[in-house]
Amino acid sequence: MQLPLIVLLLCGAALLLSPAVRGCGPGRVVGRRRRPAKLSPLSYKQFSPNVPEKTLGASGRYEGKIARNSERFKELTPNYNSDIIFKDEENTGADRLMTQRCKDRLNSLAISVMNQWPGIKLRVTEGWDEDGHHSDESLHYEGRAVDITTSDRDRNKYGMLARLAVEAGFDWVYYESKAHIHCSVKSEHSAAAKTGGCFPAMALTTLVSGEKIPISELRQGMQVLAMDSYGRTTYSDFVTFLDQDPKSVLSFQVIETMDPPRRLSLTPTHLIFVANNFSTPADDFKAVFASHIRPGQYILVSGAPGLVPARVSSVSMQTDTGVYAPLTQHGTILVDDVVVSCFALVQKQRLAQFAFGPLRVLYSLGAIVGNESSEHVGLHWYGRFLYQLGRMILNKNEFHPLSLLQLES
């Protein structure tokens, strides 16, 4: 792993990140509040974000056409929202089929349309295409794109409709034609990799007082229940969020146990501690990707006394809103009474704890270096820096397979 090189680079990073240059790095200045921006319509032929549709900064690369008889057809789900009008000119129901991410964004947009123009509904003219009516590598073939209008087909509304689609969370919006707005989303897989590893907004953490609060409400100065290097419970200082996005909708892996009963949701790329035997000491549980967990294995949960192994009874997937990745001084945290790592993407708990050492030190000294504001959205710039560093130093097989979508894009 060329650890000495990592040490040298991180030492240099620690010098660069001193309080004297605390203003460096992306993100707005802490303490200033932006006034709510007035929504402005998109102009004809304008797209947002201002990058090509099938790039990493937008909806991502084309992954192949989905047919009714293909294995990937199960990725599509019908949308029967009564607040949306589906043109369905083929009379096959195809326009109602879409990925879950597209469905969530479309349903959110439908509410915005009714609020913006009472009595008007959202109208979908094109959804999933199984007949080859679009250009090569169109995201319509994957159920990741929709063409939309308002129900009254008032073209004077389309610029604002496009803006509302951006606000609803579509990954790419294009005022493509005088007759419609084109919207698309990332694939479910790349969406999961986009933010590394996180927990949904309403996942619970335990404070030193014993109070349980949603992970989204953690703030600097709080101490949360965690695990130390000896496999014992401890209270650890919350440092910052390595990632946070209250509006993002992602696919989460749901891990459930029976005795004691626990239910944890986390992204597949996040690390969680696991063992194959009930008798394994807590400090010998290994950090693995959540996507590698299988029923019959054991994870660590809060019990009496301290931490106890619990047998995994089921593993499933579901979508949820809000993504938060907390960092503590110990590099671990109990979420919904389950012990998890603070890290993701690379299956190296000790290396990650070491690599984030400079950031923890800076926060302990009171430096302002990143995601202090609860309004900040997105990856912490230091985490992005380490990710880029890892790309240069580590082999690709060190990364979670989903994260390779980013590496190769």
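Here are three short exercises, with worked solutions, on a predicted model.

**Exercise 1.** Work out which residues of strand S18 sit on each side, and whether they are buried or exposed.

*Solution.* Start with a rule: in a regular strand the side chains alternate between the two faces of the sheet. Now walk along S18, residues 332-335. Thr332 and Leu334 lie on one side, while Ile333 and Val335 lie on the other. These four residues are all buried, so both faces of S18 are covered.

**Exercise 2.** Find out how S18 and strand S19 are joined and in which sense they pair.

*Solution.* First look at the pairing: S18 and S19 (residues 338-344) run antiparallel, with 4 bridges. Next pick one bridge: valine 335 has valine 338 of S19 as its partner. Then check the connection: 2 residues lie between the strands, giving a hairpin. One residue to look at in that turn is aspartate 336, with a positive phi of about 50°.

**Exercise 3.** Follow helix H2 and decide whether cysteine 102 is in a disulfide and whether it is buried or exposed.

*Solution.* Begin with the helix: H2 covers residues 100-116, and its 17 residues reach 24 Å from first C-alpha to last, close to the expected 24 Å. Its buried residues include Cys102, Leu106, Leu109 and Val113. Now for disulfides: the structure has 0 of them. For cysteine 102, the nearest cysteine sulfur belongs to cysteine 183 and is 8.1 Å away, whereas a disulfide needs the sulfurs within 2.5 Å. Lastly, the relative accessible area of cysteine 102 is 0%. Buried means under 20%, so cysteine 102 is buried.

Terms used:
Residues numbered from 1 in each chain as written. Predicted model: local features only at pLDDT ≥ 70, side-chain atom pairs only at ≥ 80, totals over all residues. Heavy atoms only, no water. Buried < 20%, exposed > 50% of the residue type's maximum accessible area, 1.4 Å probe, protein only. Pairing = 2+ DSSP bridges. Expected span 1.5 Å × (residues − 1).
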